[in-house]
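Grab a notebook and work through these exercises on one two-part structure. Each task comes with a solution that goes step by step.

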Amino acid sequence: MQAFTTLDGIVAPMDRANVDTDAIIPKQFLKSIRRSGYGPFLFDEWRYEDRGEPEMDCSKRPKRADFVLNQPRYQGAQILLARENFGCGSSREHAPWAILDYGFSCVIAPSFADIFYNNCFKNGILPIVLDANTVDDLFRDCFAQEGYRLSVDLQAQTVTTPDGQILHFEVDAFRKHCLLNGLDDIALTLADADAIRAYEARRQQEAAWLF
Amino acid sequence: MGQTLFDKVWQQHVVKANDDGSVLLYIDRHLVHEVTSPQAFEGLRLAGRKPWRRAASVATPDHNVPTVDRDKGIADPVSRTQVEALDRNCAEFGITEFGLDDVRQGVVHVMGPEQGLVLPGMTVVCGDSHTSTHGAFGSIAMGIGTSEVEHVLATQCLIQKKPKVMRIQVDGALPTGITGKDIALYLIGQIGTAGGTGYAIEFAGEAIRALSMEGRMSLCNMAIEAGARCGMVAVDQVTLDYVQGRPFAPKGALAEQAEAAWRQLHSDADAVFDKELRFQAADIVPQVSWGTSPEMVLPVTGSVPDPADARDDVQREGWQRALDYMGLTAGTPIAEIAIDKVFIGSCTNGRIEDFRQAAAMVRGKQVAASVKLAMAVPGSGLVKAQAEAEGLDQIFRDAGFEWRDPGCSMCLAMNADRLEPGERCASTSNRNFEGRQGMGGRTHLVSPAMAAAAAIAGHFVDIRDWQ
Ligand code: SF4
């Protein structure tokens, strides 16, 4: 996994509440058995006029001009600014894969759906929760200023605005550690193999029907 | 102080507590399907890892499978590749799979309980958000992403932080015609799609205890639509009766031992919850969703809401967008909304009881001429066989329904079963998101009896008045 330390990037505003994983990456793309290549299909139904299919060449597809990611000012954005309950719906990890493959490595929202939030950390994406009023302010400024950027520092747990305001965010210590170092948590868990075996031996005595 | 049901099951599965408050949680049962597993198996292969405990995982293809002409194979080459990848991965890693030609194949959340693979007090995971279904057995059941599928395959554990626990109590007798599905939709309408975020929800109270296992599964299935980590119902005689005799359930002396342990799986009388909510069963009327989020739901007696009445700008915009997408006008009575298609099935409502309830509505009647397609899709091959043994398939066919082979089908339209742009569907599934049942398709979530009645009438009807 790619580590996440600091990021200074253009912000794209996704001004809708309850953006679900079906909207982030529609189901026809879930048929792929790969982990990459989902970026061109991110928000497919909102982004293009036609129906997307896996393996399509997206460069020739008709785009919806009013969709945020199609506007010239948000090209190259690396930070996605979102509303409450972002990523609700299915557990598909294709959603964070598509977000990452598109070029975002940080999503800021007042709240995230649980499974999506968790999936982000497994893929080198930092989801940041800020309170609703702060997010509202960021939306306002982002709409007002072309080329609006934010600067994120995971170690310090801060987001810095262009006018120098420093916003603090919370992140779980273990997840932070893994993300900062790009760690594969399977290897970390396997370091506890003896504890797992001991647990299994004990449970086999207590609840043999489980084995 | 007493313990909650959630705490009891959680505690029994802690392998190790970490310094930061997270734990290494042991997973008893891992259900696998074709969509969220290929990248996980690939990860194992690349790292040269083996499954930690093969017997804990059981697989079946469901999302991509055709529901007609199955003997001809899967026409779509991309879907076929994915289903074949599951077959190959299961063979290579030694994991039991109920493949397309196995009568036990079905939607993973129908197949698991049916086989007795899900038992009370287990920890159950699957790379699918509706894993919450299995909380109906007093187990902790959670949907996970593909990285965690790989983690569970490799270690039989997950690193988890304990969620807060909420009890939602539904008091009073369940009114006639009200199902687990209606309770689920009603509760989501009340607490919102983020109402359960950060919580495990225990559903309790007289109305919940009165539900069959099928009803409890429909309810817990939709706990995820309320944003919860999982939903649970305490174990009682209904649970034990359901589990008994299933192929993977314990037998003989072991079954007796297990039952004694399972009887402890309820919250203690003095258990303290982080949050408690109470509702009255008598307030619940058959539910119909009108918008593009499960919280946009109304009693069938209601009318489509007016964005002017929304609580704030974000909600107002959401409502307006939903009305536009759904092609609805504020103030239209729900019962006047005409439908084009009907889908009865999915992991929410694809079990035998669901088809019995739906069949009771359509027996001797005809699907309205204005309805283009009404389909009944059993949740598994065994549900299909049982329904056929009871003659339900004939009732559906005689009424003009198509009777299909088991799979997720039009719940998410990954196979050929889908809505065309602008088509309106009465659906027993769990999600009404934009494009969920096909690009531009319009989904109304309802119970099986409500969907069946809508198929006959051509529009929604209050089944409490059905003759
Ligand atoms: S039936 Fe629908 S909700 Fe259930 S597992 Fe299949 S696609 Fe998901």
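**Exercise 1.** How many nonpolar, polar and charged residues does the lining of the second largest pocket have, by class?

*Ground rules.* We're working with a predicted model: local features need pLDDT of at least 70 and side-chain atom pairs count only at pLDDT 80 or more, while totals for chains, interfaces and linings use all residues. Residues are numbered from 1 along each chain as its sequence is written, chains are lettered from A and ligands numbered from 1 in the order in which they are written, and side-chain values use heavy atoms, with hydrogens and water left out.

*Solution.*
- Step 1: pin down the pocket. On a 1 Å grid over the protein atoms alone, it is an open set of points with protein on both sides within 12 Å along at least five of seven lines, and a lining residue has an atom within 4 Å of a point.
- Step 2: get the volume, which is about 720 Å³ here. That is the space filled by probe spheres set on the points, with grid points joined across faces, edges and corners.
- Step 3: list the lining. It has 36 residues, and R16(A), A17(A), N18(A), E84(A) and V314(B) lie nearest the centre. Two elements give two or more residues each: α5 (132–144) of chain A and α11 (313–326) of chain B. The largest share, eight residues, is from α11(B). Helices here are DSSP runs (H or I, at least four residues), numbered from the N terminus.
- Step 4: sort by class. Ala, Val, Leu, Ile, Met, Phe, Trp, Tyr, Cys and Pro go in as nonpolar, Asp, Glu, Lys and Arg as charged, and the others, Gly among them, as polar. The pocket lining comes out as 14 nonpolar, nine polar and 13 charged.

**Exercise 2.** Find the cavities and describe the largest and second largest.

*Solution.*
- Step 1: search the whole structure, which turns up five cavities of 30 Å³ or more. Unlike an open pocket, a cavity is a set of points where a 1.4 Å probe fits but cannot get out.
- Step 2: take the largest, at about 220 Å³. Its lining has 22 residues, with H63(B), D128(B), H130(B), L412(B) and R436(B) nearest the centre. The split is seven nonpolar, 11 polar and four charged.
- Step 3: move to the second largest cavity, with about 140 Å³ of space. Its 15 lining residues include C88(A), G89(A), A113(A), I224(B) and G227(B), which lie nearest its centre. Sorting that lining gives seven nonpolar, six polar and two charged.

**Exercise 3.** Work out what chain A and chain B do at their interface.

*Solution.*
- Step 1: count contacts (heavy atoms within 4.5 Å). Chain A puts in 57 residues and chain B 69.
- Step 2: compute buried area, meaning the accessible area (1.4 Å probe) that two parts lose on being put together, summed over both. The chains bury about 5300 Å², 56% of it on carbon and sulfur atoms. In chain A, K27(A), K31(A) and W209(A) lose the most area to chain B, together 15% of what that side buries.
- Step 3: count salt bridges (a side-chain nitrogen of Lys or Arg within 4 Å of a carboxyl oxygen of Asp or Glu). There are 49 over all chains, and 10 between chain A and chain B.
- Step 4: look at examples. E150(B) pairs with R35(A) at 3.5 Å, N to O, which links helix α5 (residues 146–155) of chain B to the loop between α1 (21–24) and α2 of chain A. Then there's E434(B) with R16(A), whose closest N and O atoms are 3.8 Å apart; R16(A) also turned up among the residues nearest the centre of the second largest pocket.
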